[in-house]
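Trainee: Please take one part of this model and go through it closely. I would like to see how charged side chains are paired, and what surrounds them.

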Amino acid sequence: MNLAVVIPTYNEKEALPNLIEELVREVKKIAEKFFIIIMDDASPDGTGQIAEELSKKYRNITVVHREKKLGLGSAYKEGFRLALDKFAPDFIVQMDADHSHDPKEIPQMMQMIQGYDYVVASRHVPGSSIRGWGTYRKMLHSTAGTIARLCAGIKISDPTSGFRIFRRDVLNSVNFAQIKSKGFAFQIEILCLLKRMGFNGIELPTRFVNRNEGKSKMGITEAIQFIKTCILLLARRI
């Protein structure tokens, strides 16, 4: 079984080395071959250079240096396409670089995907936990998720989760040109598209830890795009 992991980065120099070390250790347990693709959006803090140094230590790391901050969704679309065309893995994982997602959960995600097309590590199913969020942040996240589900017509309880695994044939079937979101809203739009294509996903509990290093990339611009995408998805359904 071959596995590829796509990780977008922007100012993640503190978190990335520890994440990669742990990721390599965990993925070695389940994959005959694995590839890590780091999509860096010209991080001004030097994340791209750190990624290059990591690629020398771990030969199965590919670093893509993008010319500027082009957005999370744009990074995933380019990273998925690179993984499919260059490495042809059996499965593709997407995850954040800030260590909010636990690499130790990937083997369980691999077990869960049997019989399904994709798996979402969900913060809203029994057995999940969120560490480091206050009441307001939890309420905001829950509200955003509810709006996204209703507008997109999807049943996934945590449609904004960025920790997922897909079968190769699922992503190979996706026309990424149909996904207009360049930022955070990509997470919802691709789930909506997969549902329309007839693919089935499942959620599993996750232990989400709020970032300890760096700052959240979710600003006002991303929030506006998120709302616009939800409205667009609702209009398409109507």
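Mentor: Start with Glu22 and Lys104, whose side chains form a salt bridge with N and O 2.9 Å apart. Glu22 belongs to helix H1 (residues 16-27), while Lys104 sits in the loop between strand E4 (91-94) and helix H4 (106-112), so this pair ties together parts that are 82 residues apart in sequence. Bear in mind throughout that this is a predicted model.

The two ends of this bridge can be placed by their accessibility. Glu22 has a relative accessibility of 12% and, because buried means under 20%, it counts as buried. Lys104, with a relative accessible area of 48%, is partly exposed.

The neighbour of Glu22 in the sequence, Leu23, also lies in helix H1. Its relative accessible area is 0%, so Leu23 is buried. Leaving out residues up to four places away in sequence, Leu23 touches Val5, Ile7, Ile36, Met95, Pro103 and Ile106. As a distance marker, the C-alpha atoms of Leu23 and His141 are separated by 26 Å, with these positions 118 residues apart along the chain.

The loop that carries Lys104 also holds His99, between E4 and H4. His99 has a positive phi, near 70 degrees, and is not a glycine. Most residues other than glycine have a negative phi. The relative accessible area of His99 is 26%, so this residue is partly exposed. Ahead of helix H1, the loop between strand E1 (2-9) and H1 contains Asn11. Its phi is positive too, near 60 degrees. Asn11 is partly exposed at 23% relative accessibility.

How many salt bridges does the structure hold? There are seven. Side chains of opposite charge can pair when their charged atoms come close.

Another of these bridges joins Arg123 and Asp158, with the closest N and O atoms 2.7 Å apart. Arg123 is in the loop between strand E5 (118-122) and strand E6 (129-131), and Asp158 is in the loop between helix H5 (135-152) and E7; the pair links distant parts of the chain, 35 residues apart. Arg123 and Asp158 are both buried.

A further bridge runs between Arg236 and Glu189, where the closest N and O atoms are 3.7 Å apart. Arg236 is in helix H8 (residues 220-237) and Glu189 is in helix H7 (residues 186-196), so the bridge ties together parts that are 47 residues apart in sequence. Arg236 is partly exposed, at a relative accessible area of 39%. Glu189 is buried, at 3%. Salt bridges with shared partners also join Asp41, Arg66 and Glu78 into one network.

Now take a charged residue without such a partner. Arg164 is in strand E7 (residues 164-167). Why does Arg164 have no salt bridge, although it is buried? The nearest side chain of opposite charge is that of Asp158, 7.1 Å away, and a salt bridge needs the side-chain nitrogen within 4 Å of a carboxyl oxygen, so this pair does not count. Asp158 is the residue that bridges to Arg123. The side chain of Arg164 does reach the backbone oxygen of Ser161, at 2.8 Å. Apart from residues up to four places away in sequence, Arg164 touches ten residues' worth of surroundings that include Ile92, Val93 and Gln94, and also Met109, Val119 and Val120. Pro159, Gln187, Ile190 and Leu191 are also among its contacts.

These details sit within the following overall picture. The protein chain has eight helices and nine strands. Of its 238 residues, 53% count as buried. The radius of gyration is 17 Å, which agrees with the value near 18 Å for a compact globule of 238 residues. The C-alpha trace spans about 50 × 35 × 35 Å along its principal axes. Among contacts between residues at least 6 apart in sequence, 82% join residues at least 24 apart. The chain exposes about 11,100 Å², and carbon and sulfur atoms supply 53% of that area.

Notes. Residues numbered from 1 in each chain as written. Predicted model: local features only at pLDDT ≥ 70, side-chain atom pairs only at ≥ 80, totals over all residues. Heavy atoms only, no water. Helix = DSSP H or I, 4+ residues; strand = E, 2+ residues; numbered from the N terminus. Buried < 20%, exposed > 50% of the residue type's maximum accessible area, 1.4 Å probe, protein only. Lys, Arg positive; Asp, Glu negative; His and termini not counted. Polar contact = N/O pair within 3.5 Å; in protein donor to acceptor, adjacent residues only side chain to side chain. Contact = heavy atoms within 4.5 Å. Rg over C-alpha atoms; globule rule 2.2 N^0.38 Å. Areas by Shrake-Rupley, 256 points an atom, 1.4 Å probe, with all protein chains shown as cover.
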